[in-house]
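Reader: Please pick one strand of this model and take a close look at it. I would like its partners, its packing and its wider setting in one connected account.

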Amino acid sequence: MQKVKIFMFTTATNPARVVSQNWLNCSGLDYTTIVSKPEQVELAEALNCANVTCCDVSSTPWMRRLLTVRKRVLQQKVNKGEWALFVNDNILNFNLLRSDLDKQDFKTRTSTEWREAYREPVKPQRVSYLLHALQQKCIETGATYGGFGDASGNYYFSPSRWSLGSYVIGDVCLTRKTEEFWVPAGYTIFDDWYNTCLSLANTGSVVSLRYASKTKLVTSNGGIGTEAQRTPHKIEDAKLLIKRFPGLIGYHQDREDCLQLKKRKRQLELWRKENQYL
């Protein structure tokens, strides 16, 4: 199976937030740390981040920098047909579904007991196992985008193991470079929504690994600002997405900053035919 190129993205300006390198360094996986300004190189190296490289996007508006630097990395460091894993800097660790438990136990457990019983820490050395499984599932289904879906931290969905039609958040995501490999100009935040829709439209599938979840370190301002700062950009991105993929995606509960997929299985295939993806 083709090797995955791994990239961790950080500004290294908030050391308390930068934790992904801790498990990456212990995993045995090769990875490259990407910073967005030259002065951040030394900061990242001081935090024990490996193979630090600057992809200078300092002239880009700060809230759009993560999306921009990811696109540049795909353009410059990943060849067509290759796979890349993108990792945000605030991923503490992963937890795994215990295979010896059965979903029927849900009837006899409280939600707290269920959540604890279905989670066991993943040793850093086993992260490569999750990555291999995710890549293999993407190849099997033809999907060009995958990761840990919204439900990956929800204990109830864990026994289903995989979803092939759910939103994949971009904090840890696997993508295969294709002709239309990343978000076009105009978007600020919703690159993960765009790539979810693009994979569904082109291949009929997007892979969410549900039998493992990730623990994120959440800071007050986050990596791209507060919720109040992000909301206007979410609203504008949502409008672009609904125009780009009409009928496939829409507003969730009439909230202009919140999206949901509208097509499942047979409906999706019909939508792909109607929109000339098949």
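**Strand E4 and its surroundings**

Author: In strand E4, tryptophan 83 is the bridge partner of valine 4. Numbering starts at 1 along each chain as its sequence is written, and this is a predicted model, in which local features need pLDDT of at least 70, side-chain atom pairs count only at pLDDT 80 or more, and totals for chains, interfaces and linings use all residues. Side-chain values rest on heavy atoms, with hydrogens and water left out.

Strands (E, at least two residues) and helices (H or I, at least four) are DSSP runs, numbered from the N terminus. E4 covers residues 83–88. On one side, E4 runs parallel to E1 (residues 4–9), joined by 6 bridges. E4 is also joined to E9 (residues 168–176), antiparallel, by 5 bridges. There, leucine 85 stands opposite leucine 174. Strands count as paired if DSSP finds at least two bridges between them.

Now the cover. In E4, 6 of 6 residues are buried. Buried means under 20% relative accessible area, exposed over 50%, and partly exposed in between, with a 1.4 Å probe and protein chains only. Trp83, Leu85 and Val87 point one way. Ala84, Phe86 and Asn88 point the other way.

Phe86 leads into the largest nonpolar core, which has 38 residues. Such a core is a set of buried Ala, Val, Leu, Ile, Met, Phe, Trp, Tyr and Cys residues joined through side-chain atoms within 4.5 Å. Phe86 is among the residues with the most contacts inside this core, along with Phe7, Trp193, Leu241 and Phe245. Elements giving two or more residues to this core include E1, E4, E9 and helix H6 (191–203). H6 supplies the largest share, 6 residues. A second, separate core of 35 residues includes Val87 and Leu174, as well as Tyr31 and Leu130.

Phe7 ties back to E4. Leaving aside neighbours within four places in sequence, phenylalanine 7 is in contact (heavy atoms within 4.5 Å) with Ala84, Leu85, Phe86 and Val87, among others. Val73 and Lys77 are also among its contacts.

H6 deserves a word. Of its 13 residues, 11 are buried, so H6 is largely enclosed by the rest of the structure. Trp193 is one of the buried residues, as are Asp191 and Asp192. Just after H6, glycine 204 takes a positive phi of about 80°.

Last, the whole protein. Its secondary structure comes to 8 helices and 13 strands. Of its 278 residues, 48% count as buried.
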